[in-house]
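Trainee: Before we look at anything in detail, could you take me through how to read the local features of a model, one by one?

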Amino acid sequence: MRKTSAVLATLSLAVLALTGCTAAPTFDGAACDRSGGSSGLADAVTVEGDLGAKPDVSIYTPLHVEKSAATDVVVGDGRAVQNGQQPFVYELTLFSGETGEEVAGTPYDPAQGPLTSLDIQGARFPALADALKCVTQGSRTVVALTADDAGAEALQSFGLDADDTMVFVVDTIDVLLPKAEGSLQFNDARGMPTVVRAPDGTPGVIIPNSDAPSSLVTQTLILGEGDDVEADQVPIVQYTALGWDDKTVMTQTWGKAVSTDLQQVAPAVAQELVGKPVGSQVLVVTPASDSAPAVVYVVDILGAITVPTP
């Protein structure tokens, strides 16, 4: 998997604010089918230009749809978005269906590609998230939202009429892993926790009834096949942290959202990910100190962000 360059503050829409919204429901990727796109929408909206570059869009106006619709004008052959939490890099432009005029858009800058997820998209526009379920890397998708699905507040915030149709052109640039993927590794280390995994990747951790190690211990449980995480990158991860002694979950991102702040939450653990391939699952046990108990971390490396220098 190629490295993704993105701005850290992008686990939200770069243009569409999501403050105060609730999370959208996740979905079962195995149940998705993208073969039923709207041919009428493809006829009404013409999109030209390279994927990842600002598109040249012509809309047969006025465009109004009775039901929100979508069509893939370019179908990518890369990884698919399999669940609501899975991060992906995208670019989009928003148009008025009434006038065909551009309303808003992302920067279309490879150094600042916004990172999002369907849960984040769906917090404000559930129909847009529905339209992008199972979208594949390298796809370009046209989505038309009815005024009811867009919502009066969103239409007003973009200066659109109350009965206008929102037309999105969305490029799915890169799709990150939904969970660790690679080869299982043998670790001959007695007295260490055992990890089992649910089908969606959520780990279950069995901590032995013995003393925690007195120094930091790291094991690679799954060896990924992606690029190695570099020292100047921020890892994009799912993780679970458990107290060694009480064997209870202290915090986890599974079922919530991926994390880009492991370097702030657990810098010693983040440091152990440097040099590990994307796709790996890593077990890290941090020893007890005067101010903190021993903690077990199970970390899935889904990707890595290179932060552009100012």
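Mentor: Let us begin with a residue pair: F125 and F168 are both buried. Please keep in mind throughout that this is a predicted model.

Trainee: How many aromatic pairs does the structure hold, and what is a pair of aromatic rings described by?

Mentor: In general, the distance of the centres and the angle of the planes describe a pair of aromatic rings. This structure holds two aromatic pairs. F88 and Y90 make up one of them, with 6.3 Å from centre to centre and 65° between the planes, an edge-to-face arrangement. Both F88 and Y90 are buried. F125 and F168 form an aromatic pair that is also edge-to-face, with 5.7 Å centre to centre and 65° between the planes.

Trainee: Which parts does the pair of F125 and F168 tie together?

Mentor: F125 lies in the loop between α2 (118-124) and α3 (126-131), while F168 belongs to strand β9 (residues 166-175), so the pair ties together parts that are 43 residues apart in sequence.

Trainee: Turning to the backbone, where is P62 placed, and is the peptide bond from T61 to P62 cis or trans?

Mentor: For a peptide bond, the value to read is omega, which is near -10° for the bond from T61 to P62, and this bond is cis. P62 itself is placed in the loop between β3 (56-59) and β4 (69-74).

Trainee: What is phi of C134, and is C134 buried or exposed?

Mentor: Here the sign of phi is read together with the residue type: C134 has phi near 65°, a positive value in a residue other than glycine. C134 lies in the loop between α3 and β8 (140-145), and with a relative accessible area of 13% it is buried, since buried means under 20%.

Trainee: Where is K247 placed, and what is its relative accessible area?

Mentor: K247 sits in the loop between β14 (233-243) and β15 (249-252), and its relative accessible area of 33% makes K247 partly exposed. Its phi is near 60°, again a positive value in a residue other than glycine.

Trainee: Finally, what separation is there between the C-alpha atoms of D227 and K276?

Mentor: For such a pair, one reads the distance in space beside the distance along the chain: D227 and K276 are 49 residues apart along the chain, and their C-alpha atoms are separated by 8.1 Å. D227 is found in the loop between β13 (217-224) and β14, and at 29% relative accessibility D227 counts as partly exposed.

Note on methods:
Residues are numbered from 1 along each chain as its sequence is written. This is a predicted model: local features need pLDDT of at least 70, side-chain atom pairs count only at pLDDT 80 or more; totals for chains, interfaces and linings use all residues. Side-chain values use heavy atoms; hydrogens and water are left out. Rings of Phe, Tyr and Trp (its six-membered ring) pair if their centres lie within 6.5 Å; planes under 30 degrees apart count as stacked, over 60 as edge-to-face and the rest as tilted. Buried means under 20% relative accessible area, exposed over 50%, partly exposed in between (1.4 Å probe, protein chains only). Helices (H or I, at least four residues) and strands (E, at least two) are DSSP runs, numbered from the N terminus.
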